[in-house]
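The following paragraphs offer a guided reading of a single protein chain. Please keep the sequence and the structure in view while reading.

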Amino acid sequence: MSQELFDKANGVLEEIKNSAPAKPEEIEQFRITYLGSKNIIKPLFAEIRNVDNDRKKEYGQLLNTLKTTAEEKLLSFKSTQSSDASQGGMKLDLTAPGESFPVGSRHPISIVLNEIIEIFTKIGFTVAEDREIEDDWHNFTAMNTPEDHPARDMQDTFYLKNSTEMLLRTHTSSVQSRVMTSQKPPIRIIAPGRVFRNETISSRSHCQFHQVEGLYVDENVSFADMKQTLLYFARSLYGKDTKIRLRPSYFPFTEPSAEMDVYWGLEDENAYRITKGTGWLEIMGCGMVDPAVLENCGIDSEKYTGFAFGMGIERQAMLKYRINDIRLLFENDLRFLQQFTTAG
Ligand code: PHE
């Protein structure tokens, strides 16, 4: 009986000596087999009572050797492992928790702009984009606002240093003139983009903001077409029961011109404040393209008519999300931005 146990223990010792785990999982398996709480050496210790008395000491020593050999082997496996890893330039700690990547969210201006684009592309408008540094002609003159025209004061302009010709566009109407001088009707575009005006920064205005302008030029385009298009737009963005009204207004590039309001209601104090007690809120300017603008851009104003409109995207975002300070939209404070988790 004794010899059998000695053979068994020596067999295990051979096994330990010959094992050469390389991968971390193999090393762990080695540890579990020979040193874990249910290791295979333990039951051999229990067998000591079956060993002949005169060989008990020898048997005990053999088992101790088994255990220490296993321990030494494990240590050496682990150290070659970590030096391998450090040769590769990093220490691999498999138990370290993974690093998480913060998920971004879209900027509220992008969310609203994408929504506006979707609304208009559904009815056949395409997106037109152009430069932010414009010449005076495309920004003003073509849009029926020649030099000395008092309407230039409506949009305080940043001119480039030492230039009376080049400026930061004050509206994306400059894209209208770019498109009309390069394309033939029918034209149906929306022009989103950043615009600049020399205005004092406050909770309600900023020296840079974003606009979407729209332009539709074709034969027989009427004021009624414009009204219906803008009603469709307002209902798509602000809800299907939204009411609109058009108030007469003035823009040099449209005749007649109007401002469009949506009915916001007077349900709470805030609604009272932002609508100045009327319940109506202005959201954009619009009108029939002035024939002079069409002619400036080489389009026959006898044959074609058109409508145009323009709105500030910040304003729509502020209304939609009830943001009461425009500066929040430019500060990029993550605590503010992370609230807008709309997918897409
Ligand atoms: N360009 C005008 C603005 O910036 C908006 C507008 C565009 C008005 C088209 C009428 C028609 O204020």
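**From the surface to the interior**

Arg 315 is found in helix α11, which spans residues 313-321. The model under discussion is a predicted one. With a relative accessibility of 32%, Arg 315 counts as partly exposed, because the partly exposed class lies between the limits of 20% and 50% relative accessible area. Arg 315 takes part in a positive surface patch, together with Arg 204, Arg 273 and Lys 276.

Another member of this patch, Lys 276, deserves separate attention. Lys 276 is placed in the loop between α9 (269-274) and β8 (280-289). With a relative accessible area of 72%, Lys 276 is exposed. The backbone of Lys 276 has a phi near 50°, a positive value in a residue other than glycine. Asn 332 likewise is not a glycine and has a positive phi, here of about 55°. Asn 332 belongs to the loop between α12 (328-331) and α13 (334-337), and its relative accessibility of 48% makes it partly exposed.

The surface also carries a nonpolar patch of about 220 Å², made by Ile 133, Leu 160 and Met 166. Met 166 is located in strand β3, residues 166-168. A relative accessibility of 31% places Met 166 among the partly exposed residues.

Attention now turns to charged pairs. The structure holds 12 salt bridges. In one of them, the side chains of Arg 31 and Glu 28 meet with an N to O distance of 2.9 Å. Both Arg 31 and Glu 28 lie in helix α2 (residues 24-35), where 3 residues, about one turn of the helix, separate them. Why might such a spacing bring two side chains to point the same way? An α-helix has 3.6 residues a turn, so residues three or four places apart point the same way. Arg 31 is partly exposed at 29% relative accessibility, and Glu 28 is also partly exposed, at 36%. A further salt bridge joins Glu 58 to Arg 55, with the closest N and O atoms 3.5 Å apart. Glu 58 has a relative accessibility of 41% and counts as partly exposed.

The side chains of Asp 135 and Arg 178 form a salt bridge as well, at 3.4 Å from N to O. This pair links distant parts of the chain: Asp 135 is in strand β2 (residues 133-135) and Arg 178 is in helix α7 (residues 173-182), with the two positions 43 residues apart. Are these two residues buried or exposed? Both Asp 135 and Arg 178 are buried. Glu 134 joins Asp 135 and Arg 178 in a network of salt bridges.

The setting of Arg 178 leads to helix α7 as a whole. Of the 10 residues of α7, 8 are buried, so the helix is largely enclosed by the rest of the structure. The buried residues are Ser 173, Ser 174, Val 175, Gln 176, Ser 177, Arg 178, Val 179 and Met 180. Their cover includes β2, α6 (136-141), β4 (187-196), β5 (208-218), α10 and β9.

The loop between α7 and β4 contains Pro 186. The peptide bond from Pro 185 to Pro 186 is cis, its omega being near 0°. A cis peptide bond also joins Glu 255 and Pro 256, with omega about -5°. Pro 256 is placed in strand β7, residues 254-263.

Pro 185 reappears in the surroundings of Ile 299. Ile 299 lies in the loop between α10 (291-296) and β9 (305-312). At 3% relative accessibility, Ile 299 counts as buried, because buried means under 20% relative accessible area. Which residues are in contact with Ile 299, leaving aside its neighbours within four places in sequence? They are Met 180, Pro 185, Ile 187, Val 217, Leu 294 and Tyr 304. Met 180 is also one of the buried residues of α7. The C-alpha atoms of Ile 299 and Gln 183 are separated by 9.4 Å, although the two residues stand 116 residues apart along the chain.

Definitions and conventions
Residues are numbered from 1 along each chain as its sequence is written. This is a predicted model: local features need pLDDT of at least 70, side-chain atom pairs count only at pLDDT 80 or more; totals for chains, interfaces and linings use all residues. Side-chain values use heavy atoms; hydrogens and water are left out. Patches are made of residues with over 30% relative accessible area and no salt bridge: like charges are joined within 9 Å, nonpolar side chains (Val, Leu, Ile, Met, Phe, Trp, Tyr) within 5 Å. Accessible areas come from the Shrake-Rupley method with a 1.4 Å probe; for residues, only the protein chains shown count as cover. A salt bridge is a side-chain nitrogen of Lys or Arg within 4 Å of a carboxyl oxygen of Asp or Glu. Lys and Arg count as positive and Asp and Glu as negative; His and the chain ends are not counted. The place of a charge is taken as NZ of Lys, CZ of Arg, CG of Asp or CD of Glu. Helices (H or I, at least four residues) and strands (E, at least two) are DSSP runs, numbered from the N terminus. Buried means under 20% relative accessible area, exposed over 50%, partly exposed in between (1.4 Å probe, protein chains only). Contact means heavy atoms within 4.5 Å.
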